[in-house]
Amino acid sequence: MDDSLAPKAVRPLLGGRFGDPYLYELETQSTQLLLLDSGLPDGAVAVAEHQTAGRGRLGRRWKEAAGTSILCSLLLRPLAERNHPEISLVAALATSDAVDEAAGMETEIKWPNDVLLEGRKVAGVLAEMRGDAVVVGIGLNVNQSEEQLEPGARIPPGSLRTATGRKHDRAHLLARLLERLESRYDKWAARGLSLLFADLHGRDFLRGQEVTVDGESGTAVGIHPTGGLEVDFRGERHLVESGEVSFG
Ligand code: BTN
């Protein structure tokens with residue numbers, strides 16, 4: 001398999017707005033940095049085979065073995081009337097769609113940004129805002145073997161390969177991911193989360209689980225229609241808008 005995400009492999013597979021322009025690097029610090037403050041138009045995509053300073057949520061690092069994953073950032077310029085932080089969920093849902101289709105299995109979404117396959121994290125989303133722009137970065141573990149996955153995270157990491165027992169064509173998967181992102185994003189741009197909520201609810205990993213938020217224990221009611229996580233703390237329901245939720 002000629003497994004590259006170079007423009008000549010990916011561009012012919014793209015049929016929509018997302019991926020125009022398509023920036024590609026063999027190695028870069030972070031694909032986020034290629035788009036933040038770039039002045040590029042809505043739909044611009046940056047992809048790399050390897051990142052030397054990959055960024056995760058809450059200041060964490062995102063590490064991968066070169067050439068094994070999809071490391072992709074997308075520049076969006078949503079209308080001011082939309083609630084921009086919801087974009088993390090929109091991107092997680094689109095990533096979940098693309099992984100379900102490739103793996104022939106059902107992923108779950110751990111609010112607000114993780115995609116889990118068989119209880120292991122296969123993808124993470126990082127949305128960074130700059131003025132009217134949102135750069136949404138997706139790290140998707142595709143062809144890593146068990147040994148190539150970074151140990152030590154609270155949720156065990158997995159890849160499509162570890163779940164399905166075979167390697168996957170990254171260029172086709174990336175093209176499908178961009179298609180799903182465009183479709184989910186356009187619905188969100190038109191109507192907010194309302195058209196996406198049923199699918200988010202159906203894939204909500206934390207729903208009904210015992211969780212800890214800022215040191216306080218409760219039961220996750222689930223993803224709320226406004227995009228937060230509703231948690232029941234001793235009979236009182238609270239909406240968690242951001243931050244870290246641990247479970248189990
Ligand atoms: C997380 O789970 O904490 C989010 C991880 C996001 C990683 C992706 S990889 C492509 C893009 N570039 C980065 O530096 N980070 C995001």
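**Two pockets and a ligand**

Modeller: The second largest pocket has 20 lining residues, and those nearest its centre are Pro-85, Ser-88, Pro-112, Glu-241 and Ser-242. The model is predicted.

Colleague: What makes Pro-85 a lining residue of the second largest pocket?

Modeller: A lining residue needs an atom within 4 Å of a pocket grid point. Pro-85 is on the list of lining residues, so it meets that cut-off.

Colleague: Which elements give two or more residues to that lining?

Modeller: They are α3 (87-103) and β6. The largest share, four residues, comes from β6.

Colleague: How many residues of each class does the lining of the second largest pocket have?

Modeller: Nine are nonpolar, eight polar and three charged. Pro-85 counts as nonpolar because Pro is in the nonpolar class. Glu-241 counts as charged because Glu is in the charged class.

Colleague: What are the volumes of the two pockets?

Modeller: The largest pocket has about 680 Å³. The second largest has about 340 Å³.

Colleague: Where does the ligand sit?

Modeller: The ligand sits in the largest pocket.

Colleague: How do you know that the ligand sits there?

Modeller: The test asks for more than half of the ligand's atoms within 2 Å of the pocket's grid points. The ligand is placed in the largest pocket, so it passes that test.

Colleague: Why is the pair between the ligand and Gln-51 called a polar contact?

Modeller: A polar contact is a pair of N or O atoms within 3.5 Å. A nitrogen atom of the ligand is 2.8 Å from an N or O atom in the Gln-51 side chain. That is within the cut-off, so the name fits.

Colleague: What about Lys-121 and Arg-57?

Modeller: An N or O atom in the side chain of Lys-121 is 2.6 Å from a ligand oxygen. For Arg-57, a backbone N or O atom lies 2.7 Å from an oxygen atom of the ligand. Both pairs are within 3.5 Å, so both are polar contacts.

Colleague: How much of the ligand's accessible area does the protein cover?

Modeller: The protein covers 98% of the 410 Å² that the ligand has on its own.

Colleague: Which element gives the largest share of the shell around the ligand?

Modeller: That is β6, with four residues.

Colleague: Why does Gly-56 count as polar in the lining of the largest pocket?

Modeller: Gly is placed in the polar class, so Gly-56 is polar here. That lining has eleven nonpolar, 15 polar and twelve charged residues.

Technical notes
Residues numbered from 1 in each chain as written. Predicted model: local features only at pLDDT ≥ 70, side-chain atom pairs only at ≥ 80, totals over all residues. Heavy atoms only, no water. Polar contact = N/O pair within 3.5 Å; in protein donor to acceptor, adjacent residues only side chain to side chain. Areas by Shrake-Rupley, 256 points an atom, 1.4 Å probe, with all protein chains shown as cover. 1 Å grid on protein atoms, 1.4 Å probe; cavity = no way out; pocket = protein on both sides within 12 Å on 5 of 7 lines; lining within 4 Å. Points joined across faces, edges and corners; volume = space filled by probe spheres on them.
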